[in-house]
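Work through the exercises below with the sequence and the structure at hand. Try each task before reading its solution.

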Amino acid sequence: MKRVAIWTVCIGLVTTACARGPRAKGPQRTPPAATWNDIMPLPASVEPRSGRFTLGAGIVIVSSATDPAVSRIAGQIAELVRRTVGGSRPGIVSSNDEQSSTRIVLVLTNDPSAADSESYDLTVAEKEITMRASSAAGLFYAMQTFRQMLPYWCEYEAVSFPQPRTFSIDTVHIADRPRFAWRGAMLDVARHFFAVEEVKRYIDLLALYKINRLHLHLADDQGWRIEIKSWPELTKRGGSTEVGGGPGGFYTQEQYADLVAYAVQHFITIVPEIDMPGHTNAGLSSYAELNCSGRAPEPYTGTEVGFSALCVERDVTYRFIDDVVREIAAVTPGAYFHAGGDEVKTLTPEQYKQFIERVQTIVQSHGKQMIGWDEIASAKLLPSSIVQHWRPDASREQLAASPHLILSPANRVYLDMKYDEATALGLHWAGYVSQRQAYDWDPAGSLEGTAGKILGIEAPLWSETVANMRDVEYLAFPRVALVADLGWAPASQHNWSKARLRLGGQSSRWTALGVNFYRGPDIEWR
Ligand code: TNX
């Protein structure tokens with residue numbers, strides 16, 4: 001067999017520290033320790049320095065901030081250190097007394113003039129690691145970067161070494177900030193339902209890659225997944241099944257609030273979606289009055305689309321929508337409400353536009369910004385509304401005329417598309433989405449006339465063919481990590497042949513985390 005050697009790729013400034021020599025591929029090799037070369041997403045600027053910082057006994061975490069989020073981050077850093085070198089968990093002190101031999105210092109500058117609330121600075125010197133940011137989010141991202149400099153075993157919860165050990169990392173200065181403000185993932189909990197604990201696990205994995213939005217598709221033909229107290233049949237009947245006829249399920253508002261709070265701790269904003277006027281069979285089957293015929297259809301467990309629509313001519317429909325948006329907005333701290341709007345085949349274009357414009361006003365009256373799939377671009381939108389591009393052939397004129405855009409072109413970032421013809425899970429109506437296909441495109445250059453309107457990118461995972469988290473992980477990983485890299489790393493560093501090396505460096509961490517990832521071709525999995 002041909003021996004493959006890949007040179008470690010240098011990021012940031014070119015210095016001698018980059019000349020690491022070839023990495024040989026071979027079955028006996030234990031995974032090499034992680035270095036800043038493998039950090040995903042790639043930081044904006046990486047300047048290697050000479051020397052090493054050694055984690056071991058005696059290290060302390062210094063944090064004087066009173067912000068509870070920063071205290072939590074300090075605790076998480078202490079835990080990462082313990083898992084890396086064993087021994088007892090490092091203490092957290094509020095002032096740097098210079099007694100400790102080595103320290104990790106967290107600095108919250110609270111500088112309102114900082115250009116970007118998600119940016120951070122991470123300096124690894126020989127005796128001190130400093131993480132500096134103007135917000136807790138920035139410190140959280142500094143921690144994620146630091147975590148990726150640690151070996152894969154820092155991901156094991158119950159790690160215990162017979163003897164404490166040491167672990168050295170290269171000194172470096174990283175100055176980092178995201179390319180896009182919106183770096184999202186979407187999970188369809190309607191076609192198949194996923195429990196709170198499962199979604200939390202997805203949040204954990206997304207946070208590692210600095211994803212900051214999780215859009216939950218909470219209602220579709222096959223299921224209504226969030227409690228609406230004023231319309232209780234929605235979950236009682238509408239939540240009782242899923243694709244294939246399984247038992248379905250739903251979140252009580254309390255469970256949803258718990259999920260939202262968990263996401264907030266990971267600096268992820270939950271974006272709730274109730275798809276309308278189409279994709280509504282679950283709602284229509286729960287309340288006869290929402291149907292123009294006045295008759296409620298049976299629950300639906302197939303995978304066709306486009307057959308259902310709320311009765312747009314009836315006033316009760318808008319009272320219903322008002323109640324739904326009000327109740328969900330009340331338990332959603334994030335600024336957004338996603339109203340769907342896709343694939344409506346039973347209304348005239350005029351009926352559709354009027355419906356979207358009316359819903360947009362309802363959403364605004366509850367203090368949220370409306371998001372909709374790209375069909376909504378045919379309506380007259382408010383300056384605050386956001387269009388989510390998904391159809392590869394959507395009208396370019398309408399997209400260019402949209403107030404704001406999130407890019408989720410199905411032929412690039414739909415995580416439910418098969419990787420190739422051999423992939424058992426997933427669909428392929430938008431083509432196959434290989435790892436390279438998901439990464440190797442430029443969001444900013446993909447649509448003419450939209451410069452300045454693109455908030456960022458989002459990778460949806462529709463769940464017609466995925467029934468559990470193992471399936472979700474198989475389709476999401478590695479592509480969601482590539483999309484996160486595309487959304488964060490500077491445009492000037494966008495390069496598939498380098499990204500695939502960073503990706504290869506994730507595999508021992510994913511194995512430690514128990515992620516059921518797809519070991520696709522073209523990647524040197526390490
Ligand atoms: C299209 S994307 C849909 C979904 C399906 C998905 C499957 C969008 C806005 N609508 O209803 O689940 O394709 O890939």
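**Exercise 1. Place Pro41 and describe the peptide bond before it.**

Pro41 is found in the loop between β2 (22–24) and β3 (45–55). The model examined here is a predicted one. The peptide bond joining Met40 and Pro41 is cis, with omega at about -5°.

**Exercise 2. Find the strands that pair with β14, and decide whether β14 is enclosed or open.**

Step 1. Begin with strand β11 (residues 213–217), which pairs with β14 in the parallel sense over 5 bridges. Within this pairing, Leu214 has Ile270 of β14 as its bridge partner.

Step 2. Turn to strand β15 (residues 336–340), which runs parallel to β14 and is joined to it by 2 bridges. Here Met276 has Gly340 in β15 as its bridge partner.

Step 3. Look at burial, for which the limit is under 20% relative accessible area. In strand β14 (residues 269–276), 7 of the 8 residues are buried, so the strand is largely enclosed by the rest of the structure.

**Exercise 3. Describe the backbone on either side of β14.**

Step 1. Before the strand, Phe267 lies in the loop between α5 (253–265) and β14. Its phi is near 55°, a positive value in a residue other than glycine.

Step 2. After the strand, Pro277 is in the loop between β14 and α6. The peptide bond from Met276 to Pro277 is cis, and omega is near 0°.

Step 3. His279 also lies in the loop between β14 and α6. Its phi is positive, about 55°, although His279 is not a glycine. With 2% relative accessibility, His279 counts as buried.

**Exercise 4. Locate the disulfide and give its handedness.**

Step 1. The count comes to 1 disulfide. Cys292 and Cys311 are the residues it joins, with an S to S distance of 2.0 Å.

Step 2. Both Cys292 and Cys311 are in the loop between α6 and α7, 19 residues apart.

Step 3. The torsion about the S-S bond of Cys292 and Cys311 is about 95°, so this disulfide is right-handed.

Step 4. Compare the two ends. Cys292 is exposed, with a relative accessible area of 53%, whereas Cys311 is buried at 3% relative accessibility.

**Exercise 5. Which residues does Thr303 contact, leaving aside its neighbours within four places in sequence?**

Step 1. Thr303 is in the loop between α6 (281–286) and α7 (315–330). Its relative accessible area is 43%, which makes Thr303 partly exposed.

Step 2. With those neighbours left aside, the contacts of Thr303 are Gln222, Val243 and Glu464.

Step 3. A separation in space can also be given: the C-alpha atoms of Thr303 and Asp221 are 8.7 Å apart, while the two residues are 82 residues apart along the chain.

**Exercise 6. Explain where the largest nonpolar core lies.**

Step 1. The largest nonpolar core has 145 residues, and Tyr202 and Leu214 have the most contacts inside it. Helix α1 (residues 68–85) gives the most to this core, with 9 residues.

Step 2. Domain 1 (8–176) and domain 2 (182–494) both give residues to the core, so it lies between them.

Step 3. Apart from this core lies another of 10 residues, including Trp390 and Trp462.

Step 4. Return to Tyr202. Leaving aside its neighbours within four places in sequence, its contacts include Leu187, Leu214, Leu415 and Phe477.

Notes: Residues are numbered from 1 along each chain as its sequence is written. This is a predicted model: local features need pLDDT of at least 70, side-chain atom pairs count only at pLDDT 80 or more; totals for chains, interfaces and linings use all residues. Side-chain values use heavy atoms; hydrogens and water are left out. Helices (H or I, at least four residues) and strands (E, at least two) are DSSP runs, numbered from the N terminus. Buried means under 20% relative accessible area, exposed over 50%, partly exposed in between (1.4 Å probe, protein chains only). Contact means heavy atoms within 4.5 Å. A nonpolar core is a set of buried Ala, Val, Leu, Ile, Met, Phe, Trp, Tyr and Cys residues joined through side-chain atoms within 4.5 Å. Domain bounds come from an automatic or database domain assignment. A disulfide is a pair of cysteine sulfur atoms within 2.5 Å. Two strands pair if DSSP finds at least two bridges between them.
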